[in-house]
Amino acid sequence: MEILEKQTIWQVRNSYLGVYVHFPYCLKKCDYCDFYSEGIGAAPANDEKSLFKSYQKEITDRILHFPEIKKRTIDTVFFGGGTPSKASPEHWKKLLDFLRSEFSFSDKPEISIEVNPEDLSSELLSEYHSIGINRVNVGVQTLEKKGLEFLGRHYDEDRYHSLVEILSHSPIQRVGIDLMYGIPGVSKESFFSDLSLFLKVGLPHLSLYSLTLEKGTQYSRDVSNQKKQEPEENLQSEILTQLPNLLKENGYLWYEVSNYAKPGFESLHNLKYWTYEPYLGIGPGAHGMIDGHRYGNPRNAGLYQKKETSAKYEKIDPSTELSLTLFRLFSPFRYLDFIETYLDTKSKSKYLKTIEGWEKKGLCTLENEIFQWNPQALLLLDDLILEISL
């Protein structure tokens with residue numbers, strides 16, 4: 001990657017490896033969530049110790065399946081879920097120590113953890129800081145009680161009210177939050193009021209998502225049974241188009257459809273998914289991509305711990321992968337670098353022809369082998385990605 005006038009230009013990076021670890025347990029399963037997770041109440045998970053042993057076993061097995069990954073350098077680790085902040089920091093420390101015993105790490109690896117507001121405290125952040133975690137992302141979604149109730153989220157009033165104070169004094173500099181818009185019953189003004197609160201603090205990373213209806217979730221069933229309203233799509237489109245200018249005025253770079261960061265504070269791990277970099281996915285329900293192959297683990301914590309690590313890998317088509325990931329970036333990237341590195345002759349030709357067509361329509365700019373979407377492409381993005389992937 002290179003920096004040009006504070007804007008990072010993404011390019012192919014072939015020697016690094018990311019690690020994602022999925023902790024599947026939550027205090028309460030949210031109605032809209034389609035990630036594998038289980039609500040188990042406030043107590044720690046009974047199988048936490050054995051689950052972390054299974055993480056180590058899977059890492060060892062993946063190395064056996066793909067010995068070449070030992071040559072790669074780990075530069076990002078991401079503890080996600082579920083609610084990884086529900087697990088003991090000591091277990092995360094031991095897992096990091098194990099990874100360091102198996103792989104070489106970069107000089108300044110990004111080590112992230114997702115935290116739910118009910119777990120957030122100054123003490124927890126200090127503990128994370130002491131074990132080497134240097135990036136925290138808090139799943140706020142909304143500060144409005146009725147919005148949280150609509151989403152089926154646990155609501156601890158004291159914790160939500162202390163969020164801003166705790167995050168503004170965090171010993172960990174790389175802090176981000178998730179906010180959601182288009183929740184039925186939560187006004188546009190309420191969303192922008194929440195956002196304004198965090199903008200004043202100057203948090204370096206903001207993930208701003210629209211509520212989506214995911215098949216198989218409780219929310220989807222409630223909509224089908226006419227118990228709840230669908231997401232407010234008109235409101236979502238209105239907010240989506242207003243965000244880039246507002247965030248730009250506040251010093252944030254718009255680097256992916258739903259993600260904004262102060263310069264240098266992008267989520268480097270998530271960028272691996274969008275720039276076709278390899279990563280290990282560890283844990284129940286996790287997915288990984290290594291050496292042009294994808295794999296997935298069972299969406300069941302008990303089964304994950306009992307079964308042997310699957311050696312079933314699916315070869316992937318770089319042409320499809322790049323279209324679905326790379327073109328979600330609103331940061332500039334070296335498009336010819338990606339095309340030349342990953343695509344065959346036929347796919348290269350198709351990509352170049354499609355991209356040149358977009359430029360003629362004013363949807364993107366192509367300068368010095370660098371691609372960047374223009375803002376007017378935003379509402380057309382799904383159709384444009386389909387156009388290049390077919």
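Glutamate 369 is found in the loop between β17 and β18, where helices (H or I, at least four residues) and strands (E, at least two) are DSSP runs numbered from the N terminus. The structure described here is a predicted model, in which local features need pLDDT of at least 70, side-chain atom pairs count only at pLDDT 80 or more, and totals for chains, interfaces and linings use all residues. Residues are numbered from 1 along each chain as its sequence is written, and side-chain values use heavy atoms, with hydrogens and water left out.

To stay with this loop for a moment, the phi of glutamate 369 is near 65°, a positive value in a residue other than glycine. At 48% relative accessibility, glutamate 369 counts as partly exposed; the classes are buried (under 20% relative accessible area), exposed (over 50%) and partly exposed in between, with a 1.4 Å probe and protein chains only. The hairpin of β17 and β18 has 2 residues between the strands, and asparagine 368 there takes a positive phi near 50°. Most residues other than glycine have a negative phi. The two strands of the hairpin, β17 and β18, pair in the antiparallel sense over 4 bridges; strands are said to pair if DSSP finds at least two bridges between them. Leucine 366 has phenylalanine 371 in β18 as its bridge partner. The side chains of β17 (residues 364-367) alternate: Cys364 and Leu366 point to one face and are buried, whereas Thr365 and Glu367 point to the other and are not.

A further positive phi, near 60°, belongs to glutamine 226, again a residue other than glycine. Glutamine 226 lies in the loop between α7 (218-224) and α8 (233-249). With a relative accessible area of 75%, glutamine 226 is exposed.

Confidence comes next. The protein chain averages a pLDDT of 94, and 98% of the residues score at least 70, pLDDT being the predictor's confidence in each residue, from 0 to 100. Over residues 1-5, the pLDDT is below 50, and this stretch has 12 contacts in the model beyond near neighbours in sequence; a contact means heavy atoms within 4.5 Å.

According to the unreviewed UniProt entry, the annotation "domain: Radical SAM core" covers residues 11-253. UniProt positions are given in the numbering used here, feature names are shortened, and annotations may be inferred rather than shown by experiment. Over residues 11-253 the chain is 40% helix and 23% strand, and the end C-alpha atoms are 17 Å apart.

Strand β6 (residues 73-81) is mostly covered, with 8 of its 9 residues buried. Strand β3 (residues 16-23) pairs with β6 in the parallel sense over 8 bridges, and glycine 18 stands opposite threonine 76 in β6. Strand β7 (residues 104-115) also runs parallel to β6, joined to it by 6 bridges. Phenylalanine 79 has isoleucine 113 in β7 as its bridge partner. From β6 the chain crosses through helix α2 (residues 89-102) to β7, and this β-α-β crossover is right-handed: with the strands pointing away from the viewer, the path from the first strand over the helix to the second runs clockwise.

Aspartate 75 has its place in strand β6. Its relative accessible area is 9%, so aspartate 75 is buried. Leaving aside neighbours within four places in sequence, aspartate 75 is in contact with Arg13, Tyr16, Leu17, Ser106, Pro109, Glu110 and Lys272. Aspartate 75 and leucine 324, in turn, are 249 residues apart in sequence and 23 Å apart in space, C-alpha to C-alpha.

Two helices show how burial is arranged around an axis. In helix α5 (residues 157-168), the buried residues are Tyr160, Leu163, Ile166 and Leu167. Seen down the axis of α5, these residues fall within an arc of 115°, so they line one face of the helix; the arc is that of the directions from the helix axis to the C-beta atoms. An α-helix has 3.6 residues a turn, so residues three or four places apart point the same way. On the other side of α5, Asp158 and His161 are exposed. The cover over the buried residues of α5 includes α3 (122-130), β8 (135-141), α4 (145-151), β9 (174-181) and α6 (188-201).

In helix α14 (residues 381-389), Leu381, Leu384, Ile385, Ile388 and Ser389 are the buried residues. They cover an arc of only 130° around the axis, which puts them on the same side of α14. Asp382 and Asp383, on the other side of α14, are exposed. What covers the buried residues of α14 includes α11 (318-325), α13 (345-360) and β18 (370-373).
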